[in-house]
Amino acid sequence: MKHSWLKNAPICNKGLFDNQNIVENTLPAIEKAIDCGYNLILNISLTKDNRLVVCDSKKSAMLLSSHKKIETLNYDEKENLTLLNTTSVVPLLSDVLASVAGKVGLIFKITNNNKYKKVITELVKQIAFYKGKVAIIASSYPMYFFVKKLNKSLICGVILRKNTSKFIYNAILFANVNFFKLIKPHFIICDITNLPNKYLDDYLLSKPYSFIISRTVYDKQSYITALDYSDNFVFENYIPKK
């Protein structure tokens, strides 16, 4: 199975960071995760001058020393791209790919806004000749179809948005299960608070090519839940046992 690597190692969200000495989505955080052998989920954004960077667009104003959103800045404005109180700057995707160099798998997450097509188009170009293992998370069905339109062979999964009401979540999921059968995502990322889930279990029994990745493991109890009810998990600010 060509996407089995997604199940072979825990998935580290944004690298290993504390947002004091090491900031999320930076080369130091990524390299620390690589040293531990973890796969990575990284946020991808586009700067004002159309440079693809590893940065969470939604949190960028909070993380950047300039307190500006990443999409409003040019990449040569390095003084505006430093993160928190460190010397780290927002890294280019090309530099991250060179650093990872196929040592672990990479899963890219794109913010679902009016620029997602532009971001995905540039992302697909940059990973076309990358030798390592890559996948994309689609946070909407239009995003999923756009990824597949650009490159049918790309590993692409869908992410189910968290809902505080499990009843509402299950109702939404029940309505979507047949759609999953149609689009055949390689994996489904489900919030850990909504597991176990009988609709996902029934779906997976009928479609063994797909599997469940739970998010987000942050303590011992959520770690145990992830091991019991999912094929793999995303973790943040908690080191899972090997």
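**Strand E7 and two cavities**

Start by selecting Ile159 and Ile189: Ile189, in E7, is the bridge partner of Ile159. Keep in mind that the model is predicted.

Extend the selection to residues 156-159, strand E6, which pairs with E7 in the parallel sense over 2 bridges. Next, select residues 187-191 to show the whole of E7; this strand is mostly covered, with 5 of its 5 residues buried. Show the side chains of E7: Phe187, Ile189 and Asp191 point one way, Ile188 and Cys190 point the other way, and all are buried.

Now add strand E8, residues 211-217, which runs parallel to E7 and is joined to it by 5 bridges. To see one position of this pairing, pick Ile188 and Ile212 of E8, which stand opposite each other.

Leave the strands and turn to the cavities. The structure holds 2 cavities of 30 Å³ or more.

For the largest cavity, with a volume of about 90 Å³, select Ile44, Ser45, Leu46, Ser57, Glu71, Ile110, Thr111, Asn113, Lys115 and Val119, which line it. Colour strand E2, residues 39-46, separately: this strand gives the largest share of the lining, 3 residues. Colouring the lining of the largest cavity by class gives 4 nonpolar, 4 polar and 2 charged residues.

For the second largest cavity, select Glu24, Asn25, Val54, Cys55, Asp56, Leu63, Leu83 and Val90, its lining residues. The volume of the second largest cavity is about 40 Å³. By class, the lining of this second largest cavity has 5 nonpolar residues, 1 polar and 2 charged.

Note on methods:
Residues are numbered from 1 along each chain as its sequence is written. This is a predicted model: local features need pLDDT of at least 70, side-chain atom pairs count only at pLDDT 80 or more; totals for chains, interfaces and linings use all residues. Side-chain values use heavy atoms; hydrogens and water are left out. On a 1 Å grid over the protein atoms alone, a cavity is a set of points where a 1.4 Å probe fits but cannot get out, and a pocket is an open set with protein on both sides within 12 Å along at least five of seven lines; lining residues have an atom within 4 Å of a point. Grid points are joined across faces, edges and corners, and a volume is the space filled by probe spheres set on the points. Helices (H or I, at least four residues) and strands (E, at least two) are DSSP runs, numbered from the N terminus. Ala, Val, Leu, Ile, Met, Phe, Trp, Tyr, Cys and Pro count as nonpolar, Asp, Glu, Lys and Arg as charged, and the others, Gly among them, as polar. Buried means under 20% relative accessible area, exposed over 50%, partly exposed in between (1.4 Å probe, protein chains only). Two strands pair if DSSP finds at least two bridges between them.
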